[in-house]
Amino acid sequence: MEKNILITGGAGFIGSHTAVALHQAGLKPIIVDNLSNTSMEMVHGIENIIQEKLVFHPYDCCNKEQVKSIFEQYPIHGVIHFAAFKSVAESVLEPQKYMKNNMGSLEVMLECMKDAGVNNLVFSSSATVYGEPDDNPVTEDTPFKKAASPYGETKQLGEDCIQSYCTENIHFNAALLRYFNPIGAHPSGNIGELPLGIPNNLLPLVNQAAKGERVLKIFGKDYNTPDGTCLRDYIHVMDLAEAHVAALRWVFGQNGTCQAFNLGQGKVDSVLSIIQNFESINGVAIPYEWSERRPGDVEQIWANASKAKNILGWETKRSTSDALRDSWNFAKK
Ligand code: WQD
């Protein structure tokens, strides 16, 4: 029987690509998204790719009655929980909003899973849990530093909460996926990163600069890195999407395990090299200017992702250049 997978936040950037990857793997996505930071365009984009009507409910994951009704309507085999606010900058300005939404939706989800007897969870965590690491690359055993933002704190607390839940519920399985910097888009150009309002992350801003809508600010030119700009481990969103399928298959085979996995390429790109690479691959100019360091930015972080390779049998297949090409292909449309 086809397995139903509840994807909360399934109309968002990573959720939508994961819905496509699940479908390709023969699993059935059931999408819940309150569209607070995305739109129905993404749902239609997924449908265009998979050539099938989706099960979609515009529910809020903090609303227990709504989430419960999903478990009553469909037999759910596993949950991928993306639904959360994700702007680092906004979280600094409105920490309570982040605590309430990100922790509240996780609590509702765990309660509903318990009531429905669903024991398989894949959780959307983040490399931000590591704070500014002493050494790179980071492994899953690298100790957490104080989170640089309330957003990061909600991911640290979310992981703790799931770990405790696993200890109390002996058959519960969870994969905590620590994303490094997701970029790119589906190569069809039907779905991609489409935040509402002013974007925060680098690639949506690079795309807007390429379209002549803004001058990109590069935050900091005097970091202790080869070209003075920050170093990050950028990962193609389709590689990330496929990691969720691998993680789900892994949790299905467990009986009472909770583990974290780093998801990155295991290599770095500087901000400046992203801009230069984007310009040469896509044949467009990115107007930019130098700006102050952004508060809360770590200088450099990249992943050791060998645990995901060894245990989940997953590794990245796409390069940063592939991601920059696919990102622009989506943004142009
Ligand atoms: C990347 C680099 C900026 C904008 C955050 C979260 C992380 C993950 C991804 C998920 C940095 C520089 C950016 C700009 C710039 N989250 N930059 N000018 O901060 O590494 O990671 O998003 O939800 O968990 O912490 O990502 O894309 O904002 O920045 O120079 O206008 O680009 O300084 O070095 P970040 P980012």
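Let's start with the overall form of this protein chain: for 333 residues, a compact globule would have a radius of gyration near 20 Å, and the chain comes to 19 Å, which agrees. Keep in mind as you look around that this is a predicted model. Along the principal axes, the C-alpha atoms occupy a box of roughly 55 × 45 × 40 Å. Within that box, the secondary structure is made up of 11 helices and 13 strands.

How much of the chain is buried? Of its 333 residues, 56% count as buried. The accessible surface is about 14000 Å², and carbon and sulfur atoms account for 49% of that. The contacts tell us how the chain folds back on itself: among those between residues at least 6 apart in sequence, 81% join residues at least 24 apart. As for charge, there are 29 positive and 38 negative charges, and their mean positions are 3 Å apart.

Now let's walk along the chain, beginning with helix H1, residues 13-24. At 1.5 Å a residue, its 12 residues should span 16 Å, and the end C-alpha atoms are 18 Å apart, which agrees. Is this helix enclosed or open? Because 10 of its 12 residues are buried, H1 is largely enclosed by the rest of the structure. The buried residues run from Phe13, Ile14, Gly15, Ser16 and His17 to Thr18, Ala19, Val20, Ala21 and Leu22. Just after the helix you will find Gly26, with a positive phi of about 85 degrees.

A little further on, two loops contain residues with backbone angles to look at. In the loop between strand E2 (28-32) and helix H2 (40-50) sits Leu35. Its phi is near 60 degrees, a positive value in a residue other than glycine. Leu35 is partly exposed, with a relative accessible area of 24%. On the other side of H2, the loop leading to strand E3 (55-57) holds Gln51. Gln51 also has a positive phi in a residue other than glycine, here near 55 degrees. At 66% relative accessibility, Gln51 counts as exposed, since the cut-off for that is over 50%.

Next comes helix H5, residues 95-116. Its 22 residues should span 32 Å at 1.5 Å a residue, and with 31 Å between the end C-alpha atoms, the helix agrees with that expectation. Which parts of the structure do its buried residues pack against? Their partners are strand E1 (4-8), helix H3 (64-73), strand E4 (78-81), helix H4 (88-93), and also E5 and H6. Among the buried residues of H5 are Tyr98, Asn101, Asn102, Met103, Leu106, Cys112 and Met113. Just after H5, Gly117 takes a positive phi of about 70 degrees.

Two of the partners of H5, E5 and H6, also frame a loop of their own. Pro137 lies in that loop, between strand E5 (120-126) and helix H6 (150-168). The peptide bond leading from Asn136 to Pro137 is cis, with omega near -5 degrees.

Let's move on to a place where distant parts of the sequence meet. Gly220 is in the loop between strand E8 (216-219) and strand E9 (231-232). Is it buried or exposed? With a relative accessible area of 2%, Gly220 is buried. Beyond its neighbours within four places in sequence, Gly220 is in contact with Gly228, Thr229, Trp290, Ser291, Glu292 and Arg293. By contrast, the C-alpha atoms of Gly220 and Asn120, 100 residues apart along the chain, are separated by 42 Å.

One of those contacts, Glu292, can be viewed from its own side too. Glu292 lies in the loop between strand E13 (288-291) and helix H10 (306-312). Not counting residues up to four places away in sequence, Glu292 touches Phe219 and Gly220. The C-alpha atoms of Glu292 and Ile218 are separated by 7.9 Å, although the two residues are 74 apart along the chain. Glu292 itself is exposed, with a relative accessible area of 65%.

Our last stop is Asn282, found in helix H9 (residues 271-282). Asn282 counts as buried, since its relative accessibility is 16% and the cut-off is under 20%. Leaving aside residues up to four places away in sequence, Asn282 touches Leu324, Arg325 and Trp328. From C-alpha to C-alpha, Asn282 and Gly152 are 33 Å apart in space, with their positions 130 residues apart in sequence.

Technical notes. Residues are numbered from 1 along each chain as its sequence is written. This is a predicted model: local features need pLDDT of at least 70, side-chain atom pairs count only at pLDDT 80 or more; totals for chains, interfaces and linings use all residues. Side-chain values use heavy atoms; hydrogens and water are left out. Helices (H or I, at least four residues) and strands (E, at least two) are DSSP runs, numbered from the N terminus. The radius of gyration is taken over C-alpha atoms; the globule rule is 2.2 Å times the number of residues to the power 0.38. Buried means under 20% relative accessible area, exposed over 50%, partly exposed in between (1.4 Å probe, protein chains only). Contact means heavy atoms within 4.5 Å. Accessible areas come from the Shrake-Rupley method with a 1.4 Å probe; for residues, only the protein chains shown count as cover. Lys and Arg count as positive and Asp and Glu as negative; His and the chain ends are not counted. The place of a charge is taken as NZ of Lys, CZ of Arg, CG of Asp or CD of Glu. The expected span of a helix is 1.5 Å times one less than its number of residues.
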